[in-house]
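Subject: Structure for you to look at

Hello,

Here is the structure I said I would pass on. Please open it beside this message and read the two together.

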Amino acid sequence: MELCSDKLQAGQGTLSLTNHAFVSPTTMARLLEITAGMPAGSVFPEASASNFVQTNGLPCLVRDHEKGTEFIVNVEPLGSMLSPSGKATTCPADNQIFLNKFTLESFAVRLNKSLEVEPYQRPTEDFYLSSVTFTASAYSARDKGNLSTDYTDLCEKIKAKFVEQVVQVGQKMITKCV
(Lines give C-alpha, C1' and ligand atoms only; values in the text may rest on other atoms or scores of the structure.)
Protein backbone atom coordinates (compact mmCIF):
# COMPACT_ATOMS: atom_id res chain seq x y z
CA MET A 1 0.00 0.00 0.00
CA GLU A 2 1.16 3.53 -0.71
CA LEU A 3 1.64 5.82 2.31
CA CYS A 4 3.00 9.34 2.62
CA SER A 5 5.96 9.93 4.96
CA ASP A 6 5.81 12.41 7.81
CA LYS A 7 7.74 13.03 11.02
CA LEU A 8 6.59 12.51 14.57
CA GLN A 9 4.53 15.51 15.60
CA ALA A 10 4.97 18.02 18.45
CA GLY A 11 4.59 16.27 21.80
CA GLN A 12 5.44 12.79 20.42
CA GLY A 13 9.19 12.88 21.13
CA THR A 14 9.02 9.96 23.54
CA LEU A 15 7.97 7.73 20.63
CA SER A 16 11.45 8.20 19.11
CA LEU A 17 12.78 5.86 21.79
CA THR A 18 10.75 2.98 20.34
CA ASN A 19 12.47 3.09 16.93
CA HIS A 20 9.10 2.20 15.40
CA ALA A 21 7.04 3.80 12.66
CA PHE A 22 3.41 4.73 13.30
CA VAL A 23 0.26 4.46 11.18
CA SER A 24 -3.44 4.95 11.83
CA PRO A 25 -5.40 2.05 13.39
CA THR A 26 -7.26 1.64 10.06
CA THR A 27 -3.98 1.33 8.13
CA MET A 28 -2.65 -1.13 10.72
CA ALA A 29 -5.76 -3.29 10.29
CA ARG A 30 -5.18 -3.30 6.50
CA LEU A 31 -1.54 -4.35 6.99
CA LEU A 32 -2.60 -7.15 9.35
CA GLU A 33 -5.15 -8.36 6.79
CA ILE A 34 -2.28 -8.80 4.32
CA THR A 35 -0.37 -10.97 6.83
CA ALA A 36 -3.37 -13.33 7.06
CA GLY A 37 -2.71 -14.38 3.46
CA MET A 38 1.00 -15.01 4.05
CA PRO A 39 2.53 -18.33 5.21
CA ALA A 40 2.38 -18.90 8.98
CA GLY A 41 5.57 -17.79 10.73
CA SER A 42 6.82 -15.80 7.75
CA VAL A 43 6.17 -12.33 9.21
CA PHE A 44 6.53 -13.04 12.94
CA PRO A 45 7.46 -16.18 14.90
CA GLU A 46 4.60 -18.69 15.14
CA ALA A 47 5.28 -19.28 18.84
CA SER A 48 4.47 -15.67 19.71
CA ALA A 49 1.92 -14.90 16.98
CA SER A 50 -0.89 -14.06 19.42
CA ASN A 51 0.94 -11.10 21.02
CA PHE A 52 3.93 -10.39 18.77
CA VAL A 53 2.49 -7.29 17.04
CA GLN A 54 1.20 -5.75 20.28
CA THR A 55 4.59 -6.26 21.91
CA ASN A 56 7.03 -5.58 19.05
CA GLY A 57 5.09 -3.94 16.24
CA LEU A 58 4.58 -5.38 12.75
CA PRO A 59 7.81 -5.69 10.71
CA CYS A 60 7.18 -3.87 7.42
CA LEU A 61 9.23 -3.42 4.27
CA VAL A 62 9.23 0.19 3.08
CA ARG A 63 10.17 0.90 -0.56
CA ASP A 64 11.18 4.25 -1.97
CA HIS A 65 10.62 3.72 -5.69
CA GLU A 66 12.04 7.14 -6.56
CA LYS A 67 15.47 6.24 -5.10
CA GLY A 68 15.21 2.49 -5.61
CA THR A 69 15.88 1.84 -1.92
CA GLU A 70 14.12 -0.13 0.77
CA PHE A 71 14.30 -0.47 4.53
CA ILE A 72 12.44 -2.25 7.30
CA VAL A 73 10.66 -0.78 10.32
CA ASN A 74 8.41 -2.22 12.98
CA VAL A 75 5.03 -0.48 12.64
CA GLU A 76 2.55 0.30 15.41
CA PRO A 77 -0.89 1.92 15.32
CA LEU A 78 -1.20 5.42 16.79
CA GLY A 79 -4.82 6.48 17.23
CA SER A 80 -4.39 9.05 19.97
CA MET A 81 -1.65 10.43 22.18
CA LEU A 82 -1.32 13.18 24.74
CA SER A 83 1.85 15.25 24.86
CA PRO A 84 3.77 15.44 28.16
CA SER A 85 1.87 18.68 28.84
CA GLY A 86 -1.47 16.88 28.41
CA LYS A 87 -2.44 18.26 24.99
CA ALA A 88 -3.76 16.00 22.21
CA THR A 89 -1.23 15.43 19.43
CA THR A 90 -1.79 14.95 15.70
CA CYS A 91 -1.89 11.28 14.75
CA PRO A 92 -1.30 9.74 11.31
CA ALA A 93 -4.08 9.90 8.73
CA ASP A 94 -4.99 6.68 6.92
CA ASN A 95 -2.56 7.57 4.10
CA GLN A 96 0.42 8.49 6.33
CA ILE A 97 3.33 6.81 8.07
CA PHE A 98 5.11 8.71 10.85
CA LEU A 99 8.87 8.03 11.05
CA ASN A 100 11.22 9.25 13.74
CA LYS A 101 14.10 11.61 12.98
CA PHE A 102 16.67 8.81 13.05
CA THR A 103 14.82 6.66 10.52
CA LEU A 104 14.28 9.66 8.24
CA GLU A 105 18.03 10.43 8.39
CA SER A 106 19.28 6.82 8.13
CA PHE A 107 17.33 6.13 4.96
CA ALA A 108 17.30 9.69 3.54
CA VAL A 109 13.51 9.92 3.39
CA ARG A 110 12.08 13.38 2.91
CA LEU A 111 8.75 14.44 4.32
CA ASN A 112 5.55 14.03 2.29
CA LYS A 113 7.12 11.31 0.14
CA SER A 114 5.14 8.42 -1.31
CA LEU A 115 6.41 5.10 0.05
CA GLU A 116 5.20 1.56 -0.54
CA VAL A 117 4.63 -0.27 2.76
CA GLU A 118 3.91 -3.99 3.15
CA PRO A 119 4.46 -6.64 5.84
CA TYR A 120 8.04 -7.93 5.76
CA GLN A 121 8.38 -11.63 4.98
CA ARG A 122 11.38 -12.96 6.89
CA PRO A 123 13.97 -14.97 4.95
CA THR A 124 13.97 -18.68 5.76
CA GLU A 125 17.77 -18.81 6.19
CA ASP A 126 20.45 -16.58 7.72
CA PHE A 127 17.96 -14.15 9.20
CA TYR A 128 19.03 -13.71 12.82
CA LEU A 129 22.25 -11.90 13.69
CA SER A 130 25.12 -13.65 15.29
CA SER A 131 26.85 -10.38 16.12
CA VAL A 132 26.41 -6.65 15.74
CA THR A 133 28.85 -3.77 15.95
CA PHE A 134 27.60 -0.40 17.13
CA THR A 135 28.83 2.91 18.41
CA ALA A 136 27.34 4.84 21.29
CA SER A 137 27.15 8.59 21.54
CA ALA A 138 25.30 11.13 23.63
CA TYR A 139 22.00 12.24 22.11
CA SER A 140 22.32 15.94 22.89
CA ALA A 141 25.31 18.28 22.85
CA ARG A 142 24.87 19.07 26.55
CA ASP A 143 25.46 15.38 27.37
CA LYS A 144 28.75 15.11 25.47
CA GLY A 145 31.57 14.35 27.86
CA ASN A 146 29.12 12.80 30.33
CA LEU A 147 28.91 9.50 28.50
CA SER A 148 30.24 6.91 30.90
CA THR A 149 28.74 3.61 29.92
CA ASP A 150 29.33 0.05 30.97
CA TYR A 151 29.35 -1.50 27.49
CA THR A 152 28.49 -4.96 28.80
CA ASP A 153 25.40 -3.48 30.42
CA LEU A 154 24.65 -1.45 27.27
CA CYS A 155 24.84 -4.62 25.12
CA GLU A 156 22.35 -6.37 27.41
CA LYS A 157 19.95 -3.40 27.19
CA ILE A 158 20.25 -3.27 23.40
CA LYS A 159 19.59 -7.02 23.09
CA ALA A 160 16.55 -6.77 25.36
CA LYS A 161 15.07 -3.71 23.67
CA PHE A 162 15.67 -4.61 20.03
CA VAL A 163 15.44 -8.42 20.12
CA GLU A 164 12.57 -8.60 17.58
CA GLN A 165 13.33 -5.50 15.52
CA VAL A 166 14.76 -5.88 12.06
CA VAL A 167 17.75 -3.56 11.65
CA GLN A 168 20.02 -2.84 8.72
CA VAL A 169 23.64 -1.78 8.33
CA GLY A 170 23.96 1.96 8.92
CA GLN A 171 20.57 2.32 10.58
CA LYS A 172 20.53 4.79 13.47
CA MET A 173 18.70 3.66 16.57
CA ILE A 174 18.04 5.48 19.82
CA THR A 175 17.58 4.16 23.31
CA LYS A 176 17.68 5.65 26.76
CA CYS A 177 20.22 4.17 29.16
CA VAL A 178 20.03 5.24 32.74
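Below is what was found in it, starting with the whole chain and moving on to salt bridges, one helix and one loop residue.

Please keep in mind that this is a predicted model.

Overall make-up

The protein chain has four helices and six strands. Their order along the sequence is β-β-α-α-β-β-β-α-β-α. Of the 178 residues in the chain, 39% are buried. Among contacts with a separation of 6 or more, 72% are between residues 24 or more positions apart. The chain exposes about 10,500 Å², and carbon and sulfur atoms supply 53% of that area.

Salt bridges

Searching the whole structure gives six salt bridges. Three of them are described here, beginning with Arg63 and Glu118, whose side chains meet at 3.3 Å, N to O. This pair links distant parts of the chain, with Arg63 in strand β3 (residues 58–64) and Glu118 in strand β6 (residues 114–119), 55 residues apart. Arg63 is partly exposed, at a relative accessible area of 23%. Glu118 is also classed as partly exposed, at 27%.

Asp64 pairs with Lys113, and the closest N and O atoms of this salt bridge are 2.6 Å apart. Asp64 belongs to strand β3 and Lys113 to the loop between α3 (101–106) and β6, so this salt bridge ties together parts of the chain 49 residues apart in sequence. Both Asp64 and Lys113 are buried.

The side chains of Arg110 and Glu66 also form a salt bridge, at 3.1 Å, N to O. Here too distant parts of the chain are linked: Arg110 sits in the loop between α3 and β6, and Glu66 in the loop between β3 and β4 (69–77), 44 residues apart. Arg110 has a relative accessible area of 44% and is partly exposed, while Glu66, at 58%, counts as exposed.

Salt bridges with shared partners also join Arg63, Glu70, Glu116 and Glu118 into one network.

Helix α1

Helix α1 covers residues 25–36. Its twelve residues should span 16 Å at 1.5 Å a residue, and the C-alpha atoms at its ends are 17 Å apart, which agrees.

Which residues of α1 are buried? They are Thr27, Met28, Leu31 and Thr35. Viewed down the axis of α1, the buried residues fall within an arc of 100°, so they line one face of the helix. An α-helix has 3.6 residues a turn, so residues three or four places apart point the same way. Exposed residues Glu33 and Ala36 are carried on the face of α1 turned away from the buried side. The buried residues of the helix pack against β1 (2–7), β2 (20–23), α2 (52–56), β3, β4 and β6.

Asn100

Asn100 is located in the loop between β5 (96–99) and α3. Is this residue buried or exposed? Asn100 is buried, because its relative accessible area is 1% and the cut-off for buried is under 20%. A polar atom of the Asn100 side chain lies 2.8 Å from the backbone nitrogen of Thr103. Apart from neighbours within four places in sequence, Asn100 is in contact with Leu8, Ser16 and Asn19.

Regards

Technical notes:
Residues are numbered from 1 along each chain as its sequence is written. This is a predicted model: local features need pLDDT of at least 70, side-chain atom pairs count only at pLDDT 80 or more; totals for chains, interfaces and linings use all residues. Side-chain values use heavy atoms; hydrogens and water are left out. A salt bridge is a side-chain nitrogen of Lys or Arg within 4 Å of a carboxyl oxygen of Asp or Glu. Helices (H or I, at least four residues) and strands (E, at least two) are DSSP runs, numbered from the N terminus. Buried means under 20% relative accessible area, exposed over 50%, partly exposed in between (1.4 Å probe, protein chains only). The expected span of a helix is 1.5 Å times one less than its number of residues. The arc is that of the directions from the helix axis to the C-beta atoms. Contact means heavy atoms within 4.5 Å. A polar contact is a pair of N or O atoms within 3.5 Å; within protein, one must be able to donate a hydrogen and the other to accept it, and residues adjacent in sequence count only if both atoms are side-chain atoms. Accessible areas come from the Shrake-Rupley method with a 1.4 Å probe; for residues, only the protein chains shown count as cover.
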